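Please take a moment to look at the sequence and the 3D structure together before reading on. The paragraphs below are meant to be read with both in view.

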Number of protein chains: 2
Amino acid sequence: MEITLSLPDWVQPELDKLPTHFATVEERMAQVIHFSRLNFMYKTGGPFAAGIFERDSGKLITMGVNRVVPSSCSSAHAEIMALSVAQKKLGTFDLGGEGQPAHQIVINGQPCAMCFGAIPWSGVRSVVTAAHGYEVEALTGFDEGPVHPNWIHELEKRDIEVITDVLRKEACNALAAFGRSGQIVYNGRLG
Amino acid sequence: MEITLSLPDWVQPELDKLPTHFATVEERMAQVIHFSRLNFMYKTGGPFAAGIFERDSGKLITMGVNRVVPSSCSSAHAEIMALSVAQKKLGTFDLGGEGQPAHQIVINGQPCAMCFGAIPWSGVRSVVTAAHGYEVEALTGFDEGPVHPNWIHELEKRDIEVITDVLRKEACNALAAFGRSGQIVYNGRLG
């Protein structure tokens, strides 16, 4: 009666190569896009990655990547993996709780319907995205699901900052490379 | 770089007491409400449970309960737990994939914004709910989050059946009992 979700074996060695802090959202996103590329190059999941950072200091807490197919778990999206590993590392289900610095999630594409809904529960105070939802869908064949029509406003209403279009072109180039790779696209049958 | 989410120790013995099949949605929901009560009585999580059944035969695949606080994981809602354990048991990320019978998720309350978004990815073909979102919020203090304004229609558009109001009063009674218990309500600070 338990489930275990793991990041791929290559993640820790890749993290060990990185500096501890990333000053700008562009530097943070560049690493996230790099991880999104590694995940499909190594065939360890879909072309999606998310990083959790301290918003103000730029300290990297962890990266997460999509693990749906290898984990046999439809919820193992990059954002859920990153948030869950960060919460485990910090020992709290609420990254915005008392005594925590403001945390930021940096994602290579617009969050899908599920991951959008996961953001308010996670306690992150800032969301940074690159590719738009329609670009993710057109370039990869993955479905974004029934995303809330006012998703940015809904997060902002809850005092969660949303910064879009950061390295959007670079993220789209990576998604397009996945699209050309002919790898598995799951749950596209009703998309 | 991994996370493990577990159902409480009392779940397996409780499942062992049950019949293998439940003919009607009311019988299925009655068990789900029972599990939602057990979860807060045993102080093993919030007052939420979800069951995964074969829609037509009524075979019970598994129950899940809310594990956010004990797991330090904001995504460990009852629906995510139930879907993930069922997917592990059946060895697939897609409960609606080839060779699978139609699966149904039965939930004691309207799914929150995240769990709504998780449903299309899970492959279930049917959703059964009891308490409405505003009732969950009023009776427990938990927040449903930014749920899609047309959530039922969005699921139906994807060929997912939605049956609401099954044992709604009984589910509300259980939620009200939780509300009177004075137990922790997390992430209510912006709700």
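What follows is a walk through a predicted model, beginning with the sheet of one chain and ending with the way in which the two chains meet.

In chain A, five strands form an open sheet, and their order across that sheet is β3-β2-β4-β5-β6, with mixed pairing. The strands β3 (60-65) and β6 (161-163) of chain A stand at the edges, and because each has a single partner strand, one side of each is left without a neighbour in the sheet. If direction is ignored, neighbouring strands of this sheet are turned against each other by 15° on average. At one end of the order, strand β2 (residues 49-54) of chain A pairs with β3(A) in the antiparallel sense over five bridges, and here Phe53(A) stands opposite Leu60(A) in β3(A).

Helices can next be added to this picture, and α8 of chain A is a useful place to begin. Helix α8(A) lies across β4 (103-109) and β5 (126-131) of chain A, and it runs at about 60° to β5(A). How do the axes of helix α6 (residues 133-140) of chain A and helix α8 (residues 168-181) of chain A cross? They come within 8 Å and cross at roughly 25°; with angles under 35 degrees counted as roughly parallel, α6(A) and α8(A) are therefore roughly parallel to each other. On the side of α6(A), the contact is made by Glu135(A), Val136(A), Leu139(A) and Thr140(A), while α8(A) brings Cys172(A), Leu175(A), Ala176(A), Phe178(A) and Gly179(A). Sorted by class, the residues of this contact are six nonpolar, two polar and one charged.

Another helix, α2 (residues 25-41) of chain A, also packs with α8(A): their axes come within 10 Å and cross at roughly 5°, which makes α2(A) roughly parallel to α8(A). The residues that make this contact are Ile33(A), Ser36(A), Arg37(A) and Phe40(A) from α2(A), together with Glu170(A), Ala171(A), Ala174(A), Ala177(A), Phe178(A) and Ser181(A) from α8(A). Six of them are nonpolar, two are polar and two are charged. Phe178(A) is thus named both in the contact with α6(A) and in the contact with α2(A).

Chain B can now be considered. Its five strands form an open sheet in the order β3-β2-β4-β5-β6, again with mixed pairing. Within this sheet, strand β2 (residues 49-54) of chain B runs antiparallel to β4(B) and is joined to it by five bridges, with Phe53(B) opposite Gln104(B) in β4(B). On its way towards the other edge, β4(B) pairs with strand β5 (residues 126-131) of chain B in the parallel sense, over five bridges, and Val106(B) stands opposite Val128(B) in β5(B). Strand β4 (residues 103-109) of chain B is mostly covered, since seven of its seven residues are buried. Three bridges then join β5(B) to β6(B), and these two strands run parallel; here Val127(B) stands opposite Val162(B) in β6(B). Helix α4 (residues 78-90) of chain B lies across β2, β3 and β4 of chain B and runs at about 145° to β3(B), whereas helix α8 (residues 168-181) of chain B packs on the sheet by touching β4 and β5 of chain B, its direction making about 60° with that of β5(B).

How are the two chains related to each other? A rotation of 180°, with 0.0 Å of shift along its axis, superposes chain A on chain B with an RMSD of 0.0 Å, and that is the relation of a two-fold axis. The contact between them takes 44 residues from chain A and 44 residues from chain B. On the side of chain A, the elements that give two or more residues are β1 (2-6), α1 (11-16), α3 (68-71), α4 (78-90) and α5 (113-122), and the largest share, eight residues, comes from α5(A). By class, this side has 22 nonpolar, 16 polar and six charged residues. Since 100% of the interface residues of chain A are also interface residues in chain B, the copies meet through the same surface.

Strand β1 shows this meeting in detail. β1(A) and strand β1 (residues 2-6) of chain B pair in the antiparallel sense over five bridges; Thr4(A) has Thr4(B) as its bridge partner, and Glu2(A) stands opposite Ser6(B). In a regular strand the side chains alternate between the two faces of the sheet. Along β1(A), Ile3(A) and Leu5(A) point to one face and are buried, while Glu2(A), Thr4(A) and Ser6(A) point to the other and are not buried.

Notes. Residues numbered from 1 in each chain as written. Chains lettered and ligands numbered in written order. Predicted model: local features only at pLDDT ≥ 70, side-chain atom pairs only at ≥ 80, totals over all residues. Axes fitted to C-alpha atoms, helices over the stretch in contact; angles between N-to-C directions. Helix = DSSP H or I, 4+ residues; strand = E, 2+ residues; numbered from the N terminus. Parallel < 35°, antiparallel > 145°, perpendicular 65-115°, else oblique. Contact = placed C-beta atoms within 7 Å. Nonpolar A, V, L, I, M, F, W, Y, C, P; charged D, E, K, R; others polar. Pairing = 2+ DSSP bridges. Least-squares fit on C-alpha atoms with pLDDT ≥ 70 in both. Buried ≥ 20, exposed ≤ 12 C-beta atoms within 10 Å, placed from the backbone.
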